[in-house]
Amino acid sequence: MKAQEFKKDVTDLGKAKAEARPAIDVLDFFDITNPAAPEFNPKSTTTRGQFASFLYKTTKVDFDEVGGGIVAPGVASVKGINATTVEVTMKDKVSNIDSLKFTIDGLTVSNAAVKQTDDKTIVLTTATQKGGEKYTVKLDGKEIGSFTGIEAVVPTTLKITNASVQGKTGQQAILSADTGVKKAGIPVTFNVKADTLNTTNKDQVFEVMTNEDGIATFSYTQYSAGKDEVTAYPTGAPTVRDQGFVFWGVDTILNIEDVTVGNTIANGANKTYKITYKDAKTGKVEANKTFNVSLAENINVTSDKLSNATVNGVKVSQLVNDKAPKTATVTTDSKGEATFTVSGTNTTATPVVFGLNPSNGKTAATYESNLLQAKASTVTFSAQQAEYAIELTRDGGDIAAKDVSNGRKYNVVVKNKEGNIAKNEIINVAFNEDLDRVISTNTQAYFIKVNDDKTQTKLGKQVSVKTDSEGKASFVIGSDVENDYATPIAWIDVNTPNAVEGRLDQGEPLTIGSISYFKDAYLDGAALKVYKGNKETSSFQGNETATFKASLVNQSNKTMPNTSIKTVSYTIFNTGANNVIVDGQTISPNRSFTVTHGAANADLDVKTVDGMSSSVRVLATGTAIDTDGKDYAFTAKEATATFTSVTSVVKEYTGAVGAVNKKTIQFVDKDAITIKDGAKFFGGNGSEIIGIDAFITELESYNNGVIVTYLEDADGKQTFKVVREDTNGQLVNAAKLTEAEITRAKTDSVVVTKATANALVISSNPDVIVEGVTYAYDANATDADLKLYKNAADLAEKITNDESHDVTAKIGGAGNLNLTGDAEGENFTYKIGAASAVTTANGVKASQAVKQQITFTFTEAVKANIDDSVNVGPTGAAVAGTVTDVAGTNVVVTLETALNLGSEINVFDVKGTAVKTKVSEKNVDLTKTPVIKVTSK
């Protein structure tokens with residue numbers, strides 16, 4: 001800085017070492033030191049704050065503008081004045097201007113003259129400079145300095161972009177002004193007017209060049225609490241101006257922070273902010289200070305531009321030329337704090353907190369830029385579920401049968417942005433023709449309610465449906481008008497707490513379905529439907545029957561009147577994991593079976609074996625009788641049915657836990673499920689339980705049993721959450737016997753006795769009739785005469801050999817005839833001559849001995865397998881048996897020796913060991929009162 005002359009602010013330069021003085025001069029030249037504190041104190045320690053201030057001010061210095069590159073000792077400065085003028089200030093008086101030759105690279109110097117008011121300054125007239133461009137000035141071919149080109153454009157507007165700024169004393173406050181011209185190098189003057197009477201602050205003037213966006217930015221500082229008025233204007237057009245204000249304090253005076261996290265909030269929700277007010281001079285919080293709260297979007301605008309938001313429930317606004325603005329007000333508490341909330345719908349809102357206006361003729365709620373103020377973060381209110389996807393599909397074609405008994409069914413599936421199903425979501429449905437605001441489109445259609453008895457009734461022009469556990473829902477539309485049409489539109493109402501306000505708002509997730517047309521009913525083929533009783537469905541419990549019905553239908557898939565099924569062939573495909581039964585035929589998995597039914601029994605019933613889970617796919621073809629009485633060959637679209645075992649645990653289930661170990665858990669009356677690696681466990685207080693051992697301990701601690709919710713997500717990840725203690729429920733891992741019922745009684749074996757008729761007198765050779773067959777006497781009868789006999793022996797032989805009955809004959813003492821019935825002991829009828837017919841008494845059929853069978857029911861599955869040997873019964877009198885069946889918690893035992901009714905079951909050993917539970921592997925407690933006794937059906 002030796003070549004530069006400038007007004008020095010530092011007054012104690014002489015206290016510094018000689019080698020340090022040039023460096024201090026540099027700081028003084030660029031105002032990096034504090035002009036308001038002229039003593040530099042070179043021997044004192046530099047504080048962190050002072051050093052930070054030096055660094056910050058250094059980054060803001062434009063070294064090109066203050067004569068960087070000076071090489072000529074006699075030159076003081078080089079400065080651009082306007083787009084065609086540059087001033088070169090010499091250290092001495094210029095005596096002979098003609099002897100000086102000035103050149104500027106990239107610019108033509110057309111004239112050089114001594115400034116009339118300063119004989120040390122030479123005014124150079126140049127070609128038009130390029131704003132923001134760096135130029136180097138040469139004197140007699142030597143570089144003497146450089147400057148930044150000034151833009152020739154003079155702005156016609158200017159606006160300070162941050163009209164109210166809070167500054168901390170001793171730190172930089174930054175202001176910017178937008179010229180409205182996107183050009184660099186436009187000089188802008190900032191004139192700072194301070195309260196010089198009541199503070200030590202100084203008036204200051206700055207000139208700053210705009211950047212390429214036409215924005216000029218500068219910073220400065222003051223050292224006392226107070227308020228500065230800053231006027232900015234293009235240097236060449238001082239009448240084009242704007243004002244801003246800087247409020248200085250020892251700390252931030254008015255501060256706003258977010259309480260509610262996030263800047264995107266659901267429509268109708270609240271975002272809360274907190275303000276803190278501190279005294280400008282002391283920095284201490286101040287109570288009972290009242291402030292206005294408004295929204296930047298609602299200040300000095302027309303009514304049609306207002307943001308759809310409120311502050312503390314107040315619709316704040318200050319319209320253009322508004323003499324009665326509306327604000328919310330807040331007052332600080334003892335901590336200098338106050339809070340407010342902002343709520344809105346499909347809008348953005350930027351809260352502005354400002355002091356009460358003290359001006360005469362204006363209300364305290366009037367906003368002005370000269371008021372202390374702070375602006376909060378902007379919040380956006382929107383439909384948060386807009387990323388949900390609504391799938392809307394139509395059953396059948398685009399033409400439906402008119403009338404409320406027909407209609408067209410639509411199916412809805414809702415998924416979130418991750419593609420997962422959205423359960424229990426409310427979907428509003430209306431007709432696009434009614435909502436599109438197009439006069440030329442209209443519909444007479446309505447929504448239809450399908451009652452439990454399959455009848456249908458009219459609803460209104462708009463309905464709401466709720467998705468099930470699979471994210472699915474459905475609705476039916478109809479019309480009574482020939483050639484009418486309707487297009488359903490479905491949306492999620494996210495702007496109201498109850499989700500069913502019914503108004504479709506901008507931003508809410510929606511979808512428009514396919515159009516349906518309505519015409520008179522006509523035959524449109526055949527359909528195969530599945531019913532549970534009278535309810536059409538495809539989902540069944542394992543112990544329920546699925547009934548498939550084929551019929552001729554109209555275009556709405558409704559049964560066509562005056563038609564009937566003549567014959568129908570069903571082909572059943574077992575697509576499940578367990579056996580199903582159709583017409584007494586068992587169908588194994590991956591197998592099929594075809595059966596034909598006639599008109600008298602046209603329906604098809606399908607069941608599963610033992611109530612197990614399975615599924616079927618059924619095709620139907622056949623012949624029906626059309627409305628004209630003629631045969632109609634049909635092939636119906638396939639139908640399916642899914643059976644779920646009542647003991648299976650679905651992927652979202654809540655129930656009482658019976659048993660648990662490290663690998664499996666079993667809910668009461670349900671199949672055990674495997675606990676996967678990575679499963680998470682939560683206790684009754686909602687806190688996570690780490691590890692299966694701790695979870696088992698938690699479950700066993702409940703004295704009345706425990707209710708647990710089990711969840712398995714789409715990725716197979718499991719979660720187990722304790723809901724509450726059960727009420728008089730079963731303790732976990734404390735299984736017991738609940739019943740011992742005789743399901744088959746013991747019977748002894750029986751020896752057969754046959755029906756007989758003995759000592760029948762035939763000496764007179766009468767006609768003999770046996771079981772309706774007549775044998776007549778003929779002395780000349782031959783062996784070929786099967787129904788004629790010549791003597792008693794011949795009669796006995798021909799009766800015995802007759803295959804038309806099971807009676808045998810023998811000749812006894814005195815030549816009498818003895819007859820004997822079949823081995824099953826059934827009676828028979830005979831007649832001798834003129835005597836009356838006689839029917840013998842029944843004999844006794846032979847039978848095997850039957851052993852007693854008892855079904856034992858436990859509270860949970862036990863470790864017992866078919867053919868295992870067991871000992872069961874009272875202590876000291878248990879009897880041996882064999883396990884013949886195991887089904888869930890039931891064990892069927894066949895006993896060698898029968899137990900009497902009322903026998904106590906104190907012993908139940910399997911293969912010599914006390915019976916244990918399958919899951920927890922603990923002994924079943926047979927001592928709990930009341931002790932289980934043998935009962936019968």
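Two strands pair if DSSP finds at least two bridges between them. With that in hand, this predicted model can be read strand by strand. One open sheet has 5 strands in the order 43-51-50-45-48. Elsewhere, the structure holds 23 aromatic pairs. The points below go through the sheet, a strand hairpin, the aromatic rings and some single residues.

**The open sheet**

- Pairing in this open sheet of 5 strands is mixed.
- Strand 43 (539-541) and strand 48 (592-598) stand at the edges. Each has a single partner strand, so one side of each is left without a neighbour in the sheet.
- On average, neighbouring strands of this sheet are turned by 25 degrees against each other, direction ignored.
- Inside the order, strand 50 is written next to strand 45. Strand 45 covers residues 564-574, and strand 50 covers residues 614-625. The two run antiparallel and are joined by 10 bridges.
- Which residue of strand 50 does V568 face? V568 stands opposite G622.

**Strand 52 and its partners**

- Strand 52 spans residues 652-660. Of its 9 residues, 7 are buried, so the strand is largely enclosed by the rest of the structure.
- One partner is strand 57 (residues 706-712). The pairing is antiparallel and runs over 5 bridges. Here Y653 stands opposite Y710.
- Another partner is strand 53 (residues 664-667), also antiparallel, with 3 bridges. V660 has I665 as its bridge partner in strand 53.
- Strand 52 and strand 53 form a hairpin, with 3 residues between them.

**Aromatic rings**

- Among the 23 aromatic pairs is that of F695 and F720. Their ring centres are 6.2 Å apart and their planes stand at 45 degrees, so the pair is tilted. Planes under 30 degrees apart would count as stacked, and over 60 as edge-to-face.
- This pair links distant parts of the chain. F695 lies in helix 4 (residues 692-700), F720 in strand 58 (residues 718-725), and 25 residues separate them.
- Are these two rings' residues buried or exposed? F695 is buried, with a relative accessible area of 0%. F720 counts as buried too, at 1% relative accessibility.
- One aromatic cluster is formed by F190, F206, F218, Y220 and W248.

**A buried charge: E860**

- E860 sits in the loop between strand 68 (853-858) and strand 69 (869-873).
- How far from E860 is the nearest side chain of opposite charge? That side chain is K922, 9.2 Å away. A salt bridge requires a side-chain nitrogen of Lys or Arg within 4 Å of a carboxyl oxygen. E860 is buried yet has no salt bridge.
- Beyond its neighbours within four places in sequence, E860 is in contact with residues including G658, A659 and Q666. Its contacts also include Q730, N733, A734 and A735. Others among them are T889, T917, V919 and S920.
- G658 and A659 fall within the residue range of strand 52 (652-660).

**Toward the start of the chain**

- Helix 1 spans residues 21-29. Its buried residues include I24, D25, L27, D28 and F29.
- Just after helix 1, D31 takes a positive phi of about 60 degrees.
- V75 belongs to strand 1 (residues 75-82). V75 is buried, with a relative accessible area of 0%.
- V75 and D92 are 17 residues apart along the chain. Their C-alpha atoms are separated by 8.4 Å.

Key: Residues are numbered from 1 along each chain as its sequence is written. This is a predicted model: local features need pLDDT of at least 70, side-chain atom pairs count only at pLDDT 80 or more; totals for chains, interfaces and linings use all residues. Side-chain values use heavy atoms; hydrogens and water are left out. Helices (H or I, at least four residues) and strands (E, at least two) are DSSP runs, numbered from the N terminus. Axes are lines fitted to C-alpha atoms, for helices over the stretch in contact, and angles run from 0 to 180 degrees between N-to-C directions. Buried means under 20% relative accessible area, exposed over 50%, partly exposed in between (1.4 Å probe, protein chains only). Lys and Arg count as positive and Asp and Glu as negative; His and the chain ends are not counted. Contact means heavy atoms within 4.5 Å. Rings of Phe, Tyr and Trp (its six-membered ring) pair if their centres lie within 6.5 Å; planes under 30 degrees apart count as stacked, over 60 as edge-to-face and the rest as tilted.
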